[in-house]
Amino acid sequence: MDGKRASESFSVMKELVLPNDTNGFGNLMGGRLMYWMDIAASMAAMKHCNAPCMTASVDNLSFKNPIKLGNIVSIEARVTRAFNTSMEIHLKVIGEDTLHQYQYESNEAYFTFVALDPNRKPRPVPALIPETPEEIALYDGALRRRQLRLILAGKLKPDDANELKALFVPNK
Ligand SMILES: CC(C)(COP(=O)(O)OP(=O)(O)OC[C@H]1O[C@@H](n2cnc3c(N)ncnc32)[C@H](O)[C@@H]1OP(=O)(O)O)[C@@H](O)C(=O)NCCC(=O)NCCS
């Protein structure tokens with residue numbers, strides 16, 4: 001299977017924050033944003049592997065800045081690395097106040113998607129080819145993040161997480 005460039009699946013999703021999307025403070029509800037992030041991530045994942053995909057996990061999500069009613073939300077979704085049947089997607093969320101003409105970073109997160117075959121079983125995905133310095137940095141860190149999330153999910157023994165351990169235990 002040929003590899004695919006990160007730029008081929010890069011996706012941007014935009015939404016206007018309407019009253020029905022907000023909480024009691026007039027800001028975008030976190031749950032609505034997570035829903036949109038899941039959709040943006042799935043678009044990037046499906047574009048990368050050209051197959052139906054399922055959300056396998058969502059890493060830590062912290063909301064730095066609230067997005068206000070009437071502002072535009074831009075969600076940038078980029079596949080950082082593909083493994084065997086799974087892909088890590090980086091999401092960057094930016095708010096935009098069009099009246100006062102400024103943008104602000106809201107949050108970022110990593111999602112993992114798994115490609116499925118017609119029997120809904122995990123199927124192999126193409127390798128990802130990073131090109132820009134940002135894509136290469138995201139690619140390089142993906143293995144460690146994967147090991148950490150698999151440990152937290154109880155699917156990997158800490159002793160087997162070699163890349164992660166190398167961060168803490170210097171080579172002799
Ligand atoms: C995600 C899912 C398809 C994985 O299936 P599985 O039978 O556990 O398959 P495997 O153990 O072979 O794992 C398949 C891949 O998923 C990855 N994976 C499984 N659990 C994961 C987790 N918690 N976090 C990150 N990746 C995970 C594995 O590392 C593997 O990746 P790889 O092939 O690239 O190495 C399955 O757990 C599932 O269907 N979960 C429900 C998903 C869902 O309903 N999502 C919508 C939200 S409700």
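**Figure 1. Residue classes in the shell around the ligand of this predicted model.** Sorted by class, the shell around the ligand is made up of seven nonpolar, six polar and three charged residues. Out of the 16 residues that surround the ligand, those that come nearest are T55, S57, N84, T85 and S86. The view can be read together with the next one, which turns to individual atom pairs and to the secondary structure behind the shell.

**Figure 2. Polar atoms of N84, T85 and S86 beside oxygen atoms of the ligand.** For N84 the partner is a polar backbone atom, placed 2.9 Å from an oxygen atom of the ligand. For T85, by contrast, an N or O atom of the side chain lies 2.6 Å from a ligand oxygen, and for S86 a side-chain N or O atom is likewise found 2.6 Å from an oxygen atom of the ligand. The ligand taken alone exposes 920 Å², and the protein buries 56% of that area. Two or more residues of the shell are given by each of the elements β3 (53-58), β6 (102-115) and α3 (133-152), and β3 supplies the largest share, with four residues.

**Figure 3. The salt bridge between R32 and D21.** In the structure as a whole a search finds seven salt bridges, and one of them joins the side chains of R32 and D21, with an N to O distance of 2.8 Å. Because R32 belongs to helix α2 (residues 30-49) while D21 sits in the loop between β2 (11-16) and α2, the pair ties together parts that are 11 residues apart in sequence. The two partners can also be described by their accessibility: R32, at 29% relative accessibility, counts as partly exposed, whereas D21 is buried, with a relative accessible area of 10%.

**Figure 4. E88 with its salt-bridge partners R145 and R149.** The side chains of R145 and E88 meet in a salt bridge at 2.7 Å, N to O; since R145 lies in helix α3 and E88 in strand β5 (residues 86-97), this pair ties together parts that are 57 residues apart in sequence. R145 is buried, its relative accessible area being 19%, and E88 also counts as buried, at 0% relative accessibility. A salt bridge is likewise formed between the side chains of E88 and R149, where the N to O distance is 2.6 Å. With E88 in strand β5 and R149 in helix α3, the parts tied together by this second pair are 61 residues apart in sequence. R149 counts as buried at 11% relative accessibility. Through shared partners, salt bridges join D59, E88, R145 and R149 into one network.

**Figure 5. The cysteines C49 and C53, with their sulfur atoms 3.4 Å apart.** How many disulfides does the structure hold? The structure holds zero. A disulfide would require the two cysteine sulfur atoms to lie within 2.5 Å, and the cysteine sulfur closest to that of C49, which belongs to C53, is 3.4 Å away and therefore too far for a bond. Viewed from the other partner, C53 is in no disulfide, and its nearest cysteine sulfur is that of C49. C49 is buried, with a relative accessible area of 4%, and C53 is buried as well, with a relative accessible area of 17%.

Note on methods:
Residues are numbered from 1 along each chain as its sequence is written. This is a predicted model: local features need pLDDT of at least 70, side-chain atom pairs count only at pLDDT 80 or more; totals for chains, interfaces and linings use all residues. Side-chain values use heavy atoms; hydrogens and water are left out. Buried means under 20% relative accessible area, exposed over 50%, partly exposed in between (1.4 Å probe, protein chains only). A residue is near a molecule or strand if one of its heavy atoms lies within 4 Å of it. A polar contact is a pair of N or O atoms within 3.5 Å; within protein, one must be able to donate a hydrogen and the other to accept it, and residues adjacent in sequence count only if both atoms are side-chain atoms. Accessible areas come from the Shrake-Rupley method with a 1.4 Å probe; for residues, only the protein chains shown count as cover. Ala, Val, Leu, Ile, Met, Phe, Trp, Tyr, Cys and Pro count as nonpolar, Asp, Glu, Lys and Arg as charged, and the others, Gly among them, as polar. A salt bridge is a side-chain nitrogen of Lys or Arg within 4 Å of a carboxyl oxygen of Asp or Glu.
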